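I opened this notebook to keep track of what I looked up, entry by entry. The structure goes here before my notes begin.

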Amino acid sequence: MAGIKLLNLFALVSVTLVVLCSGPGSANALTVDRSHVARHIRGHDSVAKRRRDTVSSNNKRCQPNPATTPSPSSTTPPPPADSPTSTSLSSTPAPASTSSTPPPASTPSTGGTSSGKKWGLAWPNGDSDYLSNFASLPNVGYIYTWSPYIPTQASSLGLQGIPMLWGSDQISDFQNLVVEGYANWVLGMNEPNEPSQSNMSPSDGANMWQTYINPLQYKGYKLVSPACTNDQAGLDWYQQFFAACSGCHFDAIAFHAYTTDAQSIITYATTLYNTYNLPVWITEFADQNYSGSGGQASMDEVWAFAGTMTNFINNTPWLEVAFPFGVMSDLQGVNTANSLLSGNNPTALAYTYFG
């Protein structure tokens, strides 16, 4: 019996040693893997779930999982007001309303894009050799990856890489990478008003902005707001966020849009511009129906949608940069007629947006 007890004690000590020796190790690569389809209709969380992979410390980077002609349609963009470029918010907007647009939060000062190009790549493909196939298109000037990581060849290809603080689980990587000289712009949180995305209250968003993003203005960065969805929930979140973010600085306001009605995107962008007097960025958009009825757009309809969007974006001074969704092999539930990547090359639709 004593021998059995001694054997059991030896086994317990062995297990303890194994546990202690196999604790968490360090990783040099980013640990955020984002599938990044925006969902502004409730009930589609299962489609929009984020997936995370831990990548070993070789040259691979974590980035969103990767996932094809238009008949132009003209829509006259709204007349631009004074062209703002940045603002520091010190005033408090009125309380959020569920039925009306929030009031202006501030006045502009200085800032703005300098490349003269108005299109960017929402890029989940890491350091892919075929990035050059897109970077060479005449209208492409920017790239982001839903993470703090910028593809290593972006600068040499003439692209401005833009790091993003996607949400709370990226803070460590963001702090390590986004230092002075790393980039010129930074993007705020991804759809913080959505439970299936970065999912935070406006006050928590304001705290995150004040702690990690706002100080970057003193390190040479221009700051683009969190990107909400193009619905009333997004408008309400913005209003409460700007009210909570006293003294915060912004150079542009961003949003995401998935709809079959391009004019509704134009209306939403105009609402944001008139409300906050900031340049507008559309950091995700596609011709996509999430209503649950009516079906998806045909290829001809996607062409018309693209024509309306390009006309608006290219001819509206305060709409600074736009990133169409679809530069990936797997569109993760989005209508595949929006695809911008075929093999390693741009699709015909990509040429419509990017030149």
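Which residue in E3 is the bridge partner of glycine 120? I looked this up with the caution that the model is predicted, and I found that glycine 120 has tyrosine 142 as its bridge partner in E3.

Next I followed the strands around that contact. I noted that E2 and E3 run parallel and are joined by four bridges, and that E3, which spans residues 140–144, also pairs in the parallel sense with strand E4, residues 160–161, over two bridges. On that side I found tyrosine 142 standing opposite glutamine 160 in E4, so that tyrosine 142 is named in both of my look-ups, here and as the partner of glycine 120. I then checked how covered E3 is, and recorded that five of its five residues are buried.

I turned to the aromatic rings, where I recorded 24 aromatic pairs in the structure. I picked out the pair of tryptophan 119 and phenylalanine 285, whose ring centres are 6.5 Å apart and whose planes stand at 55 degrees; because planes from 30 to 60 degrees apart count as tilted, I entered this pair as tilted. The pair links distant parts of the chain, since tryptophan 119 belongs to strand E2 (residues 119–122) and phenylalanine 285 to strand E9 (residues 280–287), 166 residues apart.

Are these two residues buried or exposed? Tryptophan 119 has a relative accessible area of 1% and is therefore buried, and phenylalanine 285, with a relative accessible area of 1%, is buried too.

My last entry concerns a cluster that ring pairs link together, made up of Trp209, Trp237, Tyr238, Phe241, Phe242, Phe250 and Tyr276.

Definitions and conventions:
Residues are numbered from 1 along each chain as its sequence is written. This is a predicted model: local features need pLDDT of at least 70, side-chain atom pairs count only at pLDDT 80 or more; totals for chains, interfaces and linings use all residues. Side-chain values use heavy atoms; hydrogens and water are left out. Rings of Phe, Tyr and Trp (its six-membered ring) pair if their centres lie within 6.5 Å; planes under 30 degrees apart count as stacked, over 60 as edge-to-face and the rest as tilted. Buried means under 20% relative accessible area, exposed over 50%, partly exposed in between (1.4 Å probe, protein chains only). Two strands pair if DSSP finds at least two bridges between them.
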